[in-house]
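The exercises below ask you to work through a two-chain protein model step by step. Keep the sequence and the coordinates open beside the text while you read each solution.

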Amino acid sequence: MFRDINATPRRRGRDHCRTKFSAETPDMTSPYGIKLSVHLISTYFGDIVSKVCECLLRKGTLSHAQIMHSTELSKQNVTNSLLVLIQHNCVQSFAIQQPGGFGEPPKIVTKYMALHDNIIHHMRFPKFLSIVSNEFGQDCTEIFEGLLQHGRLSMNQIMDRHKDKHKALVTDGENSKVTSTLHENFNKLAQARYIERCPAHEPFLEPVEEGAKKRMAKSKIGDFSQTLEARALAAAAPMESIRFLVETDAWSNGALDDDSKNSPSTKIPGEKRKHDSLEPETESWATNKNKEILWRVNFEEFVRRLRHKSCVSHVTTRMDSVAGIVLTAIFEASRKDETKVKMEKTVPLLLETIFEEAMKSEEGRSLTLGRVRGSLVQMGCELPTIGIDEIYSIDLKTIIDKAQTLEVESVVLKKYGREAYRIFRLLSESERSFETDKISATTFVEKKDALKILFQLWKDDFLHMERIEAQKTEIMLWKLNKRSVWEQVLDDMYHAALNLKLRLVHELEQAKDILRVLKGKSLGDEVLEKRRRVGDKWKVLEASLMILDDAIMLFHHF
Amino acid sequence: MSLLNKRKKPEPKAVLVESDRKVLEVIKSKKEMAIWSRDLKMETNLSDVVISKSLKNLLNSSLIKEVVHAQQKGRKHYIAAEFEPSKEVTGGSWYVNGDLDTAFIDQLKDLCLKIIRKLKVVTADGVYDFFKTNRLTNTDCTSQQISEILRSMVLDNMIIDVKSTGLGEYHSIPIGKLCYRCPPGDVNQGPKKGALVSIPCGVCPRIRECTPDGLISPTTCVYYNKWLDF
């Protein structure tokens with residue numbers, strides 16, 4: 001006889017809310033993920049833009065009219081906000097054909113979707129900047145910084161920006177030299193895939209056939225690849241062959257993006273199109289597009305880099321520094337061959353290739369082939385039994401899963417204590433259910449205490465409990481609610497990040513008061529001490545935010 | 001059989017009445033599983049007073065004994081004198097008088113850790129052999145007990161379990177065999193502190209009530225004030 005405890009009214013209510021929320025949002029963003037995004041947009045671009053952004057994040061993809069209706073903002077305000085959001089890669093627009101009513105012909109409508117991940121990436125700009133700075137130095141960083149600040153820029157705009165900044169230093173004679181250096185640096189960034197051509201502004205999505213539509217409605221959530229939003233993103237993305245292509249003659253205004261113009265993703269059936277309320281800005285965009293190629297930061301590459309970094313750091317801590325060196329070598333050797341960010345396994349490589357790559361680094365020079373092989377086996381690779389070529393591929397998913405589990409375990413340890421930590425680790429090791437007595441015996445926790453802990457963890461949604469009545473006795477089975485726990489932890493992380501941001505703003509305001517009072521007065525020891533304290537607070541908050549963001553990326557992007 | 005041995009045998013002093021015999025019969029029928037006094041009442045259909053009297057009588061005659069049930073400490077359990085309580089009743093080898101023998105467990109954990117630190121990489125059998133050869137404890141412990149201790153230490157993250165690769169320091173252990181080693185870094189530091197628990201929100205008991213403009217908010221948070229009190 002089974003009785004599912006999760007079916008209590010309390011649980012049903014909470015789950016219902018969660019499901020309802022998920023259905024409304026395009027990419028199942030967590031509630032505090034949205035709140036953090038809105039806060040970031042509000043800080044960077046003001047309240048009106050953040051209102052439009054929040055509307056899109058909460059309600060999903062909308063047309064201009066629908067946004068106006070929901071936000072009660074004026075047409076101009078909505079248009080301007082959308083332009084800002086598109087410029088900063090936070091919104092993607094696309095056109096779809098909608099059936100007209102009462103015998104009217106179908107009409108083309110422009111829809112707007114918020115890109116939650118790209119919004120949150122704004123918080124990570126210092127990290128991205130530091131990667132570029134470490135790899136390419138100051139000159140490249142300047143170009144990159146411009147793209148971060150302005151969202152999208154053409155090469156000419158980058159050039160103008162550079163000239164403005166170094167006006168005093170550049171003479172006419174040196175101008176061509178500066179241009180070529182800038183071009184060279186720009187090329188470096190594109191080659192490293194740190195920057196990319198912007199996606200098509202407003203791709204047209206072909207109407208889906210009736211049968212396919214029904215299939216899509218059925219699969220709705222859980223199959224994101226089939227959603228309208230996913231189709232729009234795929235249609236907008238530039239072709240791989242031109243995504244990082246820097247044209248040598250593109251420094252003049254006449255450089256026309258022939259490839260992208262002719263690419264199917266950017267084709268808009270203009271003659272058939274009925275312009276909607278956003279006609280003015282779409283036209284200006286189209287004109288602009290014909291003039292120059294716009295570039296932006298390729299967030300995907302940075303997420304990939306940070307994922308690599310996280311994996312290396314994890315194996316170094318869990319195993320040893322050699323494992324870290326070997327994994328770094330694998331990532332370096334397969335840099336161009338990775339097709340997507342969330343690669344489950346590294347690109348298969350020959351042992352010799354890994355060894356050669358490891359030898360390029362200073363720390364890897366002392367390694368032997370045997371040591372590298374040992375490290376690969378330690379990271380879960382199996383020794384090939386027969387064969388001339390030794391090919392290895394590391395299971396990255398296991399590394400990421402382990403790192404995520406460690407993060408959750410540390411929460412359990414701090415919140416519920418050592419015994420709960422042991423119980424949680426036992427339950428997280430396998431996906432099966434455990435009986436109370438078995439848990440108590442394996443973890444050396446008295447049954448009474450074990451039950452107390454298990455009930456507490458169950459109450460906080462960590463566990464799933466099932467009662468089985470057999471031969472007059474009742475057995476309780478416990479299982480980890482992995483998916484829901486992981487979602488909750490990620491939401492808590494967004495919540496904590498928002499709180500850190502809000503506290504930073506609060507501390508800044510407090511410091512302003514202090515500074516205002518002190519203006520014009522000589523700085524005594526007491527004042528200096530106060531300033532030092534404020535500085536320390538900022539440092540702690542900023543550093544904590546960056547560390548917390550690493551964990552957010554671990555749970556959301558990796 | 002000698003006279004001395006004969007004298008040692010418990011002789012019932014009191015004469016058993018009908019109710020005593022009935023109670024004793026039920027207790028004996030449970031063998032090493034023992035019986036709870038309430039269940040005894042159900043099975044004998046006797047009144048509380050009669051059962052109490054019978055139990056007293058039987059205890060005085062040393063025909064039965066009282067045992068502590070590890071999982072139901074508050075409930076009085078009785079077992080016939082000729083039986084030893086089962087593992088289910090005592091709680092197993094780790095229990096003494098119904099209580100978890102934490103002192104013994106901790107002592108074994110400590111010794112296991114020292115052995116693993118000394119031998120670097122070792123299997124459960126290796127640890128057990130070390131125990132046997134060096135007679136590290138006063139009481140005997142089985143190989144099963146050592147395995148259980150090692151398992152709990154893995155759950156505690158004091159040690160880690162790895163499968164032997166047969167290479168390097170694993171050369172003496174067959175490939176694929178489960179062995180134990182210390183985790184890298186300082187063992188005394190404990191598990192790595194996560195990002196979320198490094199800030200007050202990570203373990204805040206009121207996080208669900210915390211909102212930007214609410215009564216509990218990051219700007220008025222007492223935990224934050226304490227954390228940032230330099």
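Two residues are in contact when heavy atoms of theirs lie within 4.5 Å. The model used throughout is a predicted one.

**Exercise 1. Characterise each chain by its helices and strands, its buried residues and the sequence separation of its contacts**.

Solution. Begin with chain A, in which there are 25 helices and 13 strands, and in which 48% of the 558 residues are buried. Of the contacts in chain A with a separation of 6 or more, 69% are between residues 24 or more positions apart. Then turn to chain B, which has nine helices and eight strands, and where 40% of the 230 residues count as buried. In chain B, residues 24 or more positions apart account for 46% of the contacts with a separation of 6 or more.

**Exercise 2. Describe the interface of chain A and chain B, starting from its extent and ending with the residues on the side of chain A**.

Solution. As a starting point, 51 residues of chain A are in contact with 47 residues of chain B. The two chains bury about 4,200 Å² between them, with 63% of that area on carbon and sulfur atoms. Within chain A, the residues that lose the most area to chain B are Phe444(A), Glu446(A) and Arg503(A), which together make up 18% of what that side buries.

Next, consider the polar part of the interface, where the count is four salt bridges between chain A and chain B. A salt bridge joins Arg208(B) to Asp492(A), with the closest N and O atoms 3.0 Å apart. Across the same interface, 16 residue pairs are in polar contact.

Finally, ask which elements of chain A contribute: those giving two or more residues to the side that touches chain B include α16 (299-318), α20 (396-416), α21 (418-429) and α24 (482-518) of chain A. The largest share of that side, 13 residues, comes from α24(A). Sorted by class, the side of chain A that touches chain B has 21 nonpolar, twelve polar and 18 charged residues.

**Exercise 3. Locate Asp156(B), decide whether this residue is buried or exposed, and name its contacts**.

Solution. Asp156(B) lies in the loop between α8 (143-155) and β7 (160-163) of chain B. Its relative accessibility is 7%, and because buried means under 20%, Asp156(B) counts as buried. Leaving aside neighbours within four places in sequence, Asp156(B) is in contact with Arg418(A), Tyr421(A), Arg422(A) and Arg425(A) of chain A, and with Lys109(B). The side chains of Asp156(B) and Lys109(B) meet in a salt bridge at 3.5 Å, N to O. This pair links distant parts of the chain, since Lys109(B) is in helix α6 (residues 102-119) of chain B, 47 residues apart from Asp156(B). Lys109(B), likewise at 7% relative accessibility, counts as buried.

**Exercise 4. Compare where the partners lie in two salt bridges of chain A, Glu409(A) with Arg425(A) and Glu507(A) with Arg503(A)**.

Solution. For the pair of Glu409(A) and Arg425(A), the salt bridge is 3.1 Å, N to O. Glu409(A) lies in helix α20 of chain A and Arg425(A) in helix α21 of chain A, so the pair ties together parts that are 16 residues apart in sequence. Glu409(A) is buried, with a relative accessible area of 3%, and Arg425(A) is buried at 8%.

For Glu507(A) and Arg503(A), the closest N and O atoms are 3.0 Å apart. These two residues are four residues apart in helix α24 of chain A, so they are separated by about one helical turn. Glu507(A) counts as buried at 6% relative accessibility, and Arg503(A) counts as buried at 3%.

**Exercise 5. Work out the order and direction of the strands in the open sheet of chain A that contains β8**.

Solution. Three strands form this open sheet in the order β5-β8-β6 (chain A), and the pairing is antiparallel. The edge strands are β5 (153-154) and β6 (195-197) of chain A, each of which pairs on one side only. Three bridges join β6(A) to β8 (residues 294-297) of chain A, and Arg197(A) has Trp295(A) in β8(A) as its bridge partner.

Key. Residues are numbered from 1 along each chain as its sequence is written. Chains are lettered from A and ligands numbered from 1 in the order in which they are written. This is a predicted model: local features need pLDDT of at least 70, side-chain atom pairs count only at pLDDT 80 or more; totals for chains, interfaces and linings use all residues. Side-chain values use heavy atoms; hydrogens and water are left out. Buried area is the accessible area (1.4 Å probe) that two parts lose on being put together, summed over both. A polar contact is a pair of N or O atoms within 3.5 Å; within protein, one must be able to donate a hydrogen and the other to accept it, and residues adjacent in sequence count only if both atoms are side-chain atoms. Ala, Val, Leu, Ile, Met, Phe, Trp, Tyr, Cys and Pro count as nonpolar, Asp, Glu, Lys and Arg as charged, and the others, Gly among them, as polar. Buried means under 20% relative accessible area, exposed over 50%, partly exposed in between (1.4 Å probe, protein chains only). Two strands pair if DSSP finds at least two bridges between them.
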